[in-house]
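Take a look at the model below and keep it open while you read. We'll go through a few of its features together.

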Amino acid sequence: MKRSPLPSMLTSQVLLDGLSYIFKGGFWLKNSHLPHRNHAVPAHFVGICVATNTQPETDDYVLAQLAALGLGRVRLDVGDDDMYVHQIRLLQRLLDASLIVDVHLVQPFAIAKHMLDGQVQARWQQFVEQFLQQYASQIASLEIGNTINRKRWSGYHWPGFMQAWQIAHRLARQYGVKVVGPNIQDFEPLYNISAFKKLQAEHLLPDIHSNNLFVERVIEPEQPDHRIFQFRWTRYFKFNLIKKARLLQKIGADYGVETLISPVAFWAIYRIQRHLPDGGQKQADYVTRYFTLLAASGALQQANWGAMICHREGVINDGLDDARYPALERVAYYRSADGNLHEYQRNPSFSALRTVARWLNGAEYVGPLVTGNGLEIHQLRKHQKQFHIAWTVNGHCAVLNQVYAESSLRQVECINRNGQAIAQPALITEMPVYLMWDAAETVELHTTHPKLSQTIIHAHIQGMQYFPVQEGDWRGMILAESKEQAAQLWYAWHPGTLKAPAKEQALRHARNAIWPIADPRLSDKELASQRSGKVAERKVTVKQPIRMHWHKTLLDRLKPSKAKRSWNGAMELLRRGVGTAMPLAYFERADDTSLKQNFFICEFVTYDFTIAQAFIAFSQGAEQFNEVPALSLYQSFARFCLHMHASGIYFRDFSGGNILVSKQDDGLAFSLIDTARLHAHPTATPYSERIADLTRAVQKLHWDGRKQFLALYLGMSGHSLNIGTLLPFYLYDFKVHLKRTIGRKGMRKLLSKLKNLRAGKRA
């Protein structure tokens, strides 16, 4: 067999074709990042990719789940391999159930890469013709092509792909079947442009343009794609999901192919969990938000989730682990539903997909009320209802009664992401909510430009709710189990009654006062146990700024209060699975020019020691601290730091005293306090900021220990220890030395010495 003369699908011709199109103004589409107003969403807009296995009862299960989802259109991969007979069996069952079926014909990878061989071409022609002879009149469309810009998945190079396309296209035309293709992966429009140019020249254009519209690499579906022009230009060019969809539709239309579909896209739970621990819940959030944005674009006729059954990306978990994931990505070939049928379990995304399909399919998209600023509210009509799908992004929230007028909130019905009727929520969060009114109702907003509250929350704390506080001059947020408990906490923690204790009674008393108070959430039984001494007294911690330097009073005037920043930082840590004290409330006084009338309340953290204490001991010659060997601590701490930074956290106050260590049965656990300065990135923390954090964390450790720790951390993150890496640590040591000698702290010590000296002379 002949080998491909081209090492990659990315050729100079692809680049030239794409750049020529762009320079001629092909990418010009005014306000392409914004939703398209007043259009109909197709009746079968939301679909799903399905598969079976060797067991016929799996077909029954798939059909039952499709009925539960309420979906009438599916995509099925049919391959030229040993699964063909089982895939055809499912196809017949789907057709018998009157479902609309789009078939994706797939060549096995090992065969596709040899498409220039005559025998391989003959086999492909026989396979396509045999299939069309039996099913051409029953299927909705035939998709040709297979992630052609991912040679490692599809096996195709350009000449081989063109041979496969030419054969299948000719047969599809002969049998009167709609042709879908060329199946480009992600948003890489140079491939779409070049492919259409070649297919147009050969009179082989498809009827429907297919592009797998993934935005998984930017985590949240609303985020602009930072990889297109790197971070610097991302916001300027606004390459968000809507813009991608509209530009791809325009490319196809410019070559005479008006209809665009996304055959398959998903969020893999394991990939979400690189940044956020609640992978299953976040996947469910993204299902709703992704399909709503695609519907809002007005650019697609259809979009499929895939696969239906898979532990990584499915709305149903097959019970397997990554060791059993197929070598070929399911986006390229959803060959079979793996695992044991009796172990299949629905993920939270199942209910989310069912709900969004019910309300989007066949709806009228009216337009966005708010979009692009972290708060998304999209207005639609269906079933004699007008409804809004509302959510926020990246941990933010908006107070519902600050978005909608009170008159409209009295009439609203609320449905959660999973389709359940709920009481009116206090907040709009990352978890989408459906707000319903009768079609004739006039819905009024509280303001013409609704905004975020600038308070960060973790939307998936089991059994807990958020309650905004607004009373007199005080405002804030309480985390509680119920409205009644929130009222109890407001009474117990009313900021007018909170007073910082004397220095000797506080946990810390410098710029901030930090002190413990009794936990008012205890039940009568727990209170009795505490009073009898059977259990230790349970407390919470209060933090209040009590000293502000004059320059901080000026510089921080436009920032949120210190309490709010502490709450936001702690919530960002919780959202990303990084240990910290559970935030319970924050309160701030409006128009407080002193910047000291604010309180942050969190769980009281018990711990065994701080990193600073251990590192000081090691620097003084100890080989272990609190029965923890130095190397064990370095290893555990390196893993913790790597997880924190991979989650997008730049702590900025990562000093050893703010890093608490607890010994547990399964190892060491780390918890961070003093969270007000934290910065959170939507993706992993940049390398320079990681190093800035580490310079503070290890400052009290001796140099041999620093090098051991850094070698571990850098090795885990794919970097090596060298003089360039160590330079920031030397510079930070020098900075600390200056602060201790001629800085504010140094001058304070010098003045104290002079004062003591004078006192001694007088004596």
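What follows covers a pair of helices, the cysteines and the salt bridges.

## Before we start

This is a predicted model, so keep the ground rules in mind: local features need pLDDT of at least 70, side-chain atom pairs count only at pLDDT 80 or more, and totals for chains, interfaces and linings use all residues. Residues are numbered from 1 along each chain as its sequence is written, and side-chain values use heavy atoms, with hydrogens and water left out.

## Two helices that cross

Two packed helices are described by the angle between their axes and the distance between the axes. Let's try that on helix 21 (residues 630-646) and helix 22 (residues 687-697): their axes come within 11 Å and cross at roughly 145°. Here, axes are lines fitted to C-alpha atoms, for helices over the stretch in contact, and angles run from 0 to 180 degrees between N-to-C directions. Helices themselves are DSSP runs (H or I, at least four residues), as are strands (E, at least two), and both are numbered from the N terminus.

Which residues make the contact, meaning heavy atoms within 4.5 Å? On helix 21 they are Phe637, Cys641, Leu642, Met644, His645 and Ala646, and on helix 22 they are Arg690, Asp693, Leu694 and Ala697. Sorted by type, the residues of this contact are seven nonpolar, one polar and two charged. In that scheme, Ala, Val, Leu, Ile, Met, Phe, Trp, Tyr, Cys and Pro count as nonpolar, Asp, Glu, Lys and Arg as charged, and the others, Gly among them, as polar.

## Helix 22 and its neighbours

Nine of the 11 residues of helix 22 are buried, so this helix is largely enclosed by the rest of the structure. Buried means under 20% relative accessible area, exposed means over 50%, and partly exposed is in between (1.4 Å probe, protein chains only). The buried residues of helix 22 include Glu689, Ile691 and Thr695. What do these buried residues pack against? Their partners are helix 20 (611-619), helix 21, strand 30 (649-650), strand 31 (659-664), helix 23 (703-716) and helix 24 (723-741).

## Cysteines without partners

How many disulfides does the structure hold? Zero, where a disulfide is a pair of cysteine sulfur atoms within 2.5 Å. Take Cys397: the closest cysteine sulfur, in Cys414, is 16 Å from its own, too far for a bond. Cys602 is in no disulfide either, as the nearest cysteine sulfur, that of Cys397, is 19 Å away. Both are tucked inside: Cys397 is buried at 0% relative accessible area, and Cys602 is buried at 9%.

## Salt bridges

Side chains of opposite charge can pair when their charged atoms come close. A salt bridge is a side-chain nitrogen of Lys or Arg within 4 Å of a carboxyl oxygen of Asp or Glu, and by this rule the count comes to 40. One of them joins Asp254 and Lys250, with the closest N and O atoms 2.9 Å apart. Both lie in helix 10 (residues 241-254), four residues apart, about one turn of the helix. Asp254 is partly exposed at 41%, while Lys250 is buried at 16%.

Now for a longer reach: Arg575 and Glu430 form a salt bridge with their closest N and O atoms 3.0 Å apart. Arg575 is in helix 19 (residues 562-575) and Glu430 in the loop between strand 18 (427-428) and strand 19 (433-438), so the pair ties together parts that are 145 residues apart in sequence. Arg575 is buried at 3%, and Glu430 is buried at 2%. They also belong to a network of salt bridges that links Lys282, Asp285, Arg417, Glu430, Glu572, Arg575 and Arg576.

Definitions and conventions. Contact means heavy atoms within 4.5 Å.
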